[in-house]
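Let's take a walk through this structure together. Have a look at the sequence and the model first, and then we'll go feature by feature.

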Amino acid sequence: MKLDARIAVAVVRLVYRLFLPWTVTGQDLVPREGPLVLVSNHVHNTDAILLMLAFPRPITFLAKEELFRIPFIGMLLRDAGMFSVARTGTLQQKRDVMRQAERLLTDGRVLAIFPEGKRSPSGVLAEARPGAAFLALHSGAALVPVAITGTEQFVGRRWWLHRTRLTVAIGAPFRLPESSGPVARSESARHTDALMRRIATLLPKGRRGPYAD
């Protein structure tokens, strides 16, 4: 992480502590080395920043390109080494992103992904996409489920004036069976369902959506 990003993160952490009380649980469960795929629910554009502040290791994001256009947040993401993903990109672009993600994991880094692929303003989990499971299956990296609560209350332009209590719950890491060949769509869907249920168990029952069972 570049020096200017470290300073910016420190400033944001102070602001969050002063105006947005937040707690983190499960930090002791995170392996201190080795590749990890962090998978989290996604409610608000500030979720990425909150994960950067709360997770005990530096993380790199597969973030939608729209986030990079937001003043300050975009600067933080770029300086921290994040890279953008176009939700309507070509097949080749998507393959390039996957290759880059696999290289990051090979280097032993932490890659954070919002499996839902978009925000859920209601805070209720939505159907997930298979990218996170695909990466975990091919790389053998452990998955770390994370649930964010509180950012669903960030509504309107003055949300930052309210002392909303935020929680970041980190679950125990787990692994999917490593795959050396093509993964069937049904297998990818099954593993995606499994990782989303891990996230769901960290959320209140009313926010688990299709992963409530």
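Is Arg 197 buried, partly exposed or exposed? Arg 197 is partly exposed, with a relative accessible area of 27%. For that wording, buried means under 20% relative accessible area, exposed means over 50%, and partly exposed is in between (1.4 Å probe, protein chains only).

A word on ground rules: this is a predicted model, where local features need pLDDT of at least 70, side-chain atom pairs count only at pLDDT 80 or more, and totals for chains, interfaces and linings use all residues. Residues are numbered from 1 along each chain as its sequence is written, and side-chain values use heavy atoms, with hydrogens and water left out.

**The overall picture**

The chain has 213 residues, and 49% of them count as buried. Its secondary structure comes to six helices and seven strands. Here, helices (H or I, at least four residues) and strands (E, at least two) are DSSP runs, numbered from the N terminus. Going along the sequence, you meet them in the pattern α-β-β-α-β-α-β-α-β-α-β-β-α.

Contact means heavy atoms within 4.5 Å. Among contacts in the chain with a separation of 6 or more, 75% come from residues 24 or more positions apart. The chain exposes about 10,900 Å², with carbon and sulfur atoms supplying 54% of that; the areas come from the Shrake-Rupley method with a 1.4 Å probe, and for residues only the protein chains shown count as cover.

**The salt bridge**

Back to Arg 197. A search of the whole structure turns up one salt bridge, a term for a side-chain nitrogen of Lys or Arg within 4 Å of a carboxyl oxygen of Asp or Glu. The partners are Arg 197 and Asp 193, whose closest N and O atoms are 2.7 Å apart. They sit four residues apart in helix α6 (residues 185-200), so about one helical turn separates them. Asp 193 is partly exposed too, at 27% relative accessibility.

**The nonpolar cores**

A nonpolar core is a set of buried Ala, Val, Leu, Ile, Met, Phe, Trp, Tyr and Cys residues joined through side-chain atoms within 4.5 Å. The largest one here has 27 residues, and Leu 111, Leu 143 and Leu 195 touch the most other members. Two or more residues come from each of β2 (36-40), α4 (91-106), β5 (110-113), α5 (131-139), β6 (142-149) and α6. The biggest giver is α5, with five residues.

Leu 143 is a good place to zoom in: leaving out residues up to four places away in sequence, its contacts include Val 37, Val 39, Ala 132, Ala 136 and Leu 195. There's also a second, separate core of 24 residues, with Val 30, Phe 55, Ile 59 and Val 168 among them.

Two helices are worth a look for their buried residues. In α5 these are Gly 131, Ala 132, Ala 133, Leu 135, Ala 136 and Leu 137, while in helix α2 (residues 47-54) eight of its eight residues are buried. Right after α5 comes Gly 140, with a positive phi near 80 degrees.

**An aromatic pair**

The structure holds one aromatic pair. Phe 61 and Phe 114 form it, with 5.8 Å centre to centre and 35 degrees between the planes, which makes it tilted. Rings of Phe, Tyr and Trp (its six-membered ring) pair if their centres lie within 6.5 Å; planes under 30 degrees apart count as stacked, over 60 as edge-to-face and the rest as tilted. Phe 61 belongs to strand β3 and Phe 114 to the loop between β5 and α5, 53 residues apart. Both are buried.

**Three residues to pick out**

| Residue | Where | Relative accessibility |
|---|---|---|
| Thr 60 | strand β3 (residues 59-64) | 3%, buried |
| Arg 175 | loop between β7 (166-170) and α6 | 57%, exposed |
| Thr 151 | loop between β6 and β7 | 2%, buried |

The side chains of Thr 60 and Arg 109 are joined by a polar contact of 2.8 Å. That term means a pair of N or O atoms within 3.5 Å; within protein, one must be able to donate a hydrogen and the other to accept it, and residues adjacent in sequence count only if both atoms are side-chain atoms.

Arg 175's side chain reaches the backbone oxygen of Gly 140 at 2.4 Å. Beyond four places in sequence, Arg 175 touches Gly 140, Ala 141 and Ala 142. On the same terms, Thr 151 is in contact with Val 43, His 44, Thr 46, Asp 47, Leu 50 and Leu 166.
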